[in-house]
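Subject: That structure, handed over

Hi,

Here's the structure I said I'd pass on. Have a look at it first, then read my notes underneath.

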Amino acid sequence: MSDENKIHLYRKRLIPAECLLLDDDIILYADHEVIITKWHTIRPKKTLHHGYSCYFLERGYKVSKFYDHENQLISWYCDIIEYEYKASENSYIFTDLLIDVIVYPDGFVRVVDLDELADAARDGLLTPEQMQRALRRTDKLLSVIYKGAFGKLQKYIDDLE
């Protein structure tokens with residue numbers, strides 16, 4: 001992909017407040033529905049080393065496959081997101097709406113960071129509409145998982161790995 005056609009991805013966090021260009025992420029595939037990337041952690045972690053992410057643009061979540069330093073699967077990590085596309089820069093700014101869903105290799109599912117969602121709403125970091133979208137997207141993602149259809153989302157990454 002030539003530089004003028006290169007897609008630029010940004011990760012915007014509300015807590016802590018930051019917006020980072022993901023310039024080291026490798027885009028493996030992109031269309032109007034999904035963007036799939038391969039990456040290494042931005043900040044070194046004790047266990048998390050690298051992974052893959054699939055941004056489901058219209059669904060409002062990002063599904064990531066997390067690996068450790070020995071290339072062993074840690075978990076599937078799902079961020080609830082929204083995005084803004086800037087055509088003039090061919091860039092996507094993905095805002096993390098704080099709720100995360102973790103699916104472990106044994107199938108155990110955890111929903112985390114609801115306390116951060118509550119804090120962000122209290123502190124005015126989220127609009128009421130963003131909070132509603134975050135909760136509805138989490139509900140839809142959990143429905144996919146509980147119906148046994150999470151494999152369809154995982155397949156996007158597994159097919160490119």
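One definition before the notes: a residue is called buried when its relative accessible area is under 20%, exposed when that area is over 50%, and partly exposed in between. Keep in mind, too, that this is a predicted model.

Let's start with His-50, since that cut-off applies right away. His-50 sits in strand S5, which covers residues 48-56. Its relative accessible area is 12%, so His-50 counts as buried. Its side chain makes a polar contact of 2.9 Å with the side chain of His-49. What else is His-50 in contact with, once you set aside neighbours within four places in sequence? The list is Trp-39, His-40, Thr-41, Lys-65, Phe-66, Tyr-67, Asp-68 and Asn-71.

Next, the strands at the start of the chain. S1 takes in residues 8-13 and runs parallel to S8 (residues 91-103), with five bridges joining the two. If you want a spot to click on, Arg-11 has Phe-94 in S8 as its bridge partner. S1 also pairs with S2 (residues 18-21), this time in the antiparallel sense and over four bridges. Here you can pick out Tyr-10, whose bridge partner in S2 is Leu-21, and Lys-12, which stands opposite Cys-19 in S2. Going from S1 to S2, you pass through a hairpin of four residues.

While you're there, take a look at Glu-18, which belongs to strand S2. Is Glu-18 buried or exposed? Its relative accessible area comes to 17%, so Glu-18 is buried. The side chains of Glu-18 and Arg-11 are joined by a polar contact of 2.7 Å. Not counting residues up to four places away in sequence, Glu-18 touches Arg-11, Lys-12, Arg-13 and Arg-43.

Two more acidic residues are worth a visit. Asp-24 lies in the loop between S2 and S3. With a relative accessibility of 66%, Asp-24 counts as exposed. From C-alpha to C-alpha, Asp-24 and Arg-43 are 12 Å apart in space, and 19 residues separate them in sequence. Then there's Glu-84, found in strand S7. Glu-84 has a relative accessible area of 43%, so it is partly exposed. Leaving aside neighbours within four places in sequence, Glu-84 is in contact with Ser-91, Tyr-92 and Ile-93. Glu-84 and Tyr-10 are 74 residues apart in sequence, but their C-alpha atoms are 9.8 Å apart in space.

Now for the pockets. The largest pocket holds about 800 Å³ of space. It is lined by 35 residues, and the closest to its centre are Arg-11, Lys-62, Phe-66, Tyr-77 and Asp-79. Which elements give two or more residues to that lining? They are S1, S4 (34-40), S5, S6 (61-68), S7 (73-86) and S8. S8 gives the most, with six residues. Sorted by class, the lining has 16 nonpolar, eight polar and 11 charged residues. You'll recognise two of the residues close to the centre: Arg-11 is the one whose side chain makes the polar contact with Glu-18, and Phe-66 is among the contacts of His-50.

The second largest pocket has a volume of about 180 Å³. Of the 11 residues that line the second largest pocket, Lys-6, Ile-7, Asp-25, Ile-26 and Ile-27 lie nearest its centre. S1 and S3 (26-30) are the elements that give two or more residues to this lining. By class, the lining of the second largest pocket divides into seven nonpolar residues, one polar and three charged.

If you'd like a place to begin, try Arg-11. It ties several of these notes together: it has its bridge partner in S8, its side chain makes a polar contact with that of Glu-18, and it is among the residues closest to the centre of the largest pocket.

Over to you, and shout if anything is unclear.

Cheers

Notes. Residues numbered from 1 in each chain as written. Predicted model: local features only at pLDDT ≥ 70, side-chain atom pairs only at ≥ 80, totals over all residues. Heavy atoms only, no water. Pairing = 2+ DSSP bridges. Buried < 20%, exposed > 50% of the residue type's maximum accessible area, 1.4 Å probe, protein only. Polar contact = N/O pair within 3.5 Å; in protein donor to acceptor, adjacent residues only side chain to side chain. Contact = heavy atoms within 4.5 Å. 1 Å grid on protein atoms, 1.4 Å probe; cavity = no way out; pocket = protein on both sides within 12 Å on 5 of 7 lines; lining within 4 Å. Points joined across faces, edges and corners; volume = space filled by probe spheres on them. Nonpolar A, V, L, I, M, F, W, Y, C, P; charged D, E, K, R; others polar.
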